[in-house]
Amino acid sequence: MGRNSQAYFVGSVSALGGFLFGFDTGLMSSILEMTYWQDYFNHPGSVGVGVITSMLTAGCFVGSLFAGYLADKFSRKRTIMVACVVFTLGAAIQCGSRNRAMLIAGRFVAGLGVGVLSMTVPIFQSEISPPHIRGRLVSLQQWAITWGLLVAFWIDYGCHFIKSDASWRVPIGIQIVPAAILFTAMIFMPYSPRWLIDHDQPDKAQQVLGRLRANGDASAPEVLEELEEIKEAVRIERETAVRSYFELMRYPIRRRVFLGVLIQALQQLTGINVIMYFAPSIFKQSGLSGNNASLLAQGINGVINMLATIPAILFIDRWGRRKTVMIGSLGCAITYFIQAVATGATQHKEKLSDGSVDLHLPKGVSYLVIVMVYLFVISFAMSWGPIGWIYPSEIFPMHIRSKANSITTASNWLFNFVIGLVAPILIKKITWGLDLIFAIIMFASIGIVYLFYPETKNRSLEDMEIIFTGSVWAHKDKKRIEEYDNAQAHHLASKEEASV
Ligand code: BGC
């Protein structure tokens with residue numbers, strides 16, 4: 001780590017934003033199954049559950065759209081702090097809910113905060129880190145998301161033993177603690193050096209770069225060099241760049257916006273949040289008896305998700321984005337397909353008096369479903385989880401990055417919202433049919449990535465301009481990019497020769 005320890009530190013602190021994101025995502029799945037919660041809110045049916053779950057993501061959608069403007073105008077750092085305050089307000093409203101309307105309103109407000117964080121944190125991380133660890137720092141946010149989910153599942157599991165309304169109020173209220181920690185810690189974190197230069201504060205930017213790159217030595221050669229590079233980039237952008245949202249619809253940015261929006265949509269169309277939100281009821285429907293067992297199974301799910309993200313953090317820059325998501329999609333598709341066939345062939349569906357469904361699966365098939373859910377989560381965590389966030393954060397030029405990312409992030413939340421809304425209904429209505437739909441989408445995504453997504457691993461920002469201005473058929477464009485690489489290598493070699 002050495003000289004980069006400060007960058008790792010600042011990147012990890014801001015990743016706490018991901019923790020809040022994951023915590024709030026994971027929170028409701030088990031609460032929905034708690035008896036005291038169900039009694040207090042008059043046993044919401046599938047539509048009610050869908051609305052309560054999805055209000056958070058509706059707020060996230062709106063929050064992420066505003067985040068682009070806020071992060072540019074008020075700085076990444078202050079935007080993260082404001083998001084913590086909004087999030088705390090939302091959590092407090094939910095915690096003190098006296099009726100469904102209050103709960104729904106609280107989830108929307110908390111969602112505004114999470115939405116802002118989900119777009120601002122990766123940008124802040126990428127702007128404070130040196131290029132060679134940028135991918136890793138951004139995947140730290142994904143890891144923090146999985147930690148948030150895991151902690152939420154286990155806190156829920158612990159609290160379901162409480163025999164009062166505290167069983168659901170405590171887990172909802174407790175999220176204020178990490179929000180307060182993030183807010184306080186951000187006071188001591190630096191502003192993004194790039195944002196400072198863009199706001200005419202080069203001296204401050206130099207101090208920050210000294211802290212991040214050279215243990216506080218603001219006049220170290222690498223600090224001065226990077227400072228000049230950023231100044232130059234900002235100067236050129238000011239002369240040439242259009243900063244409005246319209247630029248997103250024009251060549252050469254349009255293609256990248258489309259790919260960024262689609263990759264975030266596909267991340268959600270893996271169906272990951274059907275599992276993160278509703279696995280306990282899926283486990284129950286598949287025959288795992290009692291609340292305790294299904295909540296425990298969800299707790300294990302959280303651990304698997306967190307552990308399976310680690311290889312991606314370590315090796316994503318070596319494996320590459322394309323290959324990793326295609327293999328991930330194949331894993332997801334196969335596990336869905338097996339579930340669909342096994343459940344479809346053996347289920348005897350019965351609607352119970354409390355509105356839930358029992359599929360009466362043979363014991364072996366029940367276990368098979370659980371194993372397939374876990375294998376699906378592993379496939380997702382090693383691929384779509386991190387890459388859904390990394391890819392959009394690395395393909396845009398600096399001047400339009402936060403605006404473009406607010407659109408791609410909003411796409412993630414939009415699809416998350418829709419899935420949260422319709423999944424509880426479909427799980428009961430079409431059971432294994434939903435698995436089949438996701439299997440088909442995942443098989444199709446292999447082709448989509450193969451045809452349209454260029455590889456971006458180990459590429460500099462300048463390279464991105466070359467990569468995304470060729471044919472839209474990524475698989476056909478390989479030759480042109482290889483020729484570019486050869487020309488670059490040749491250019492470098494002749495430069496070296498000339499200097500000898
Ligand atoms: C997704 C979330 C999901 C989480 C699961 C994230 O990358 O955006 O929607 O709940 O991964 O680990």
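This report describes the ligand site, the cavities and one pocket of a predicted model.

## The ligand and its shell

The ligand sits in the second largest cavity. Around the ligand are 15 residues, and the closest are Gln142, Gln267, Gln268, Asn273 and Asn305. By type, the shell holds five nonpolar residues, ten polar residues and no charged ones.

Five helices each supply at least two residues of this shell: H1 (5-31), H6 (134-159), H12 (254-269), H17 (384-395) and H18 (398-429). H6 gives the most, with four residues.

## Polar contacts and cover

Three of the closest residues also have a side-chain atom listed with a distance to a ligand oxygen. In the side chain of Gln142, an N or O atom is 2.6 Å from an oxygen atom of the ligand. For Asn273, an N or O atom of the side chain is likewise 2.6 Å from a ligand oxygen. A polar side-chain atom of Asn305 lies 3.0 Å from an oxygen atom of the ligand. On its own the ligand has 320 Å² of accessible area, and the protein covers 100% of this.

## The cavity that holds the ligand

The second largest cavity has a volume of about 150 Å³. Its lining is made of 17 residues, with Phe21, Gln142, Ile145, Asn273 and Phe380 nearest the centre. Gln142 and Asn273 are also among the residues closest to the ligand.

Helices H1, H6, H12, H13 and H17 each supply at least two lining residues. H6 gives the most to this lining, with four residues. The lining divides into seven nonpolar, ten polar and no charged residues.

## The largest cavity

How many cavities of 30 Å³ or more does a search of the whole structure find? The search finds four. The largest cavity contains about 230 Å³ of space. Of its 19 lining residues, Ile282, Gln339, Ile427, Thr431 and Asp435 lie nearest the centre. Two or more lining residues come from each of H13, H15 (321-346), H16 (363-381) and H19 (432-452). This lining has 13 nonpolar residues, five polar residues and one charged residue.

## The second largest pocket

About 730 Å³ of space lies in the second largest pocket. The pocket is lined by 27 residues, and those nearest its centre are Asp354, Gly355, Ser356, Val357 and Lys428. Helices H2 (35-40), H3 (46-74), H13 (272-285) and H18 each supply at least two lining residues, as does strand E2 (357-358). H18 gives the largest share, five residues. The lining of this pocket divides into ten nonpolar, nine polar and eight charged residues.

Methods: Residues numbered from 1 in each chain as written. Predicted model: local features only at pLDDT ≥ 70, side-chain atom pairs only at ≥ 80, totals over all residues. Heavy atoms only, no water. Near = heavy atom within 4 Å. Polar contact = N/O pair within 3.5 Å; in protein donor to acceptor, adjacent residues only side chain to side chain. Areas by Shrake-Rupley, 256 points an atom, 1.4 Å probe, with all protein chains shown as cover. 1 Å grid on protein atoms, 1.4 Å probe; cavity = no way out; pocket = protein on both sides within 12 Å on 5 of 7 lines; lining within 4 Å. Sits in = over half its atoms within 2 Å of the grid points. Nonpolar A, V, L, I, M, F, W, Y, C, P; charged D, E, K, R; others polar. Points joined across faces, edges and corners; volume = space filled by probe spheres on them.
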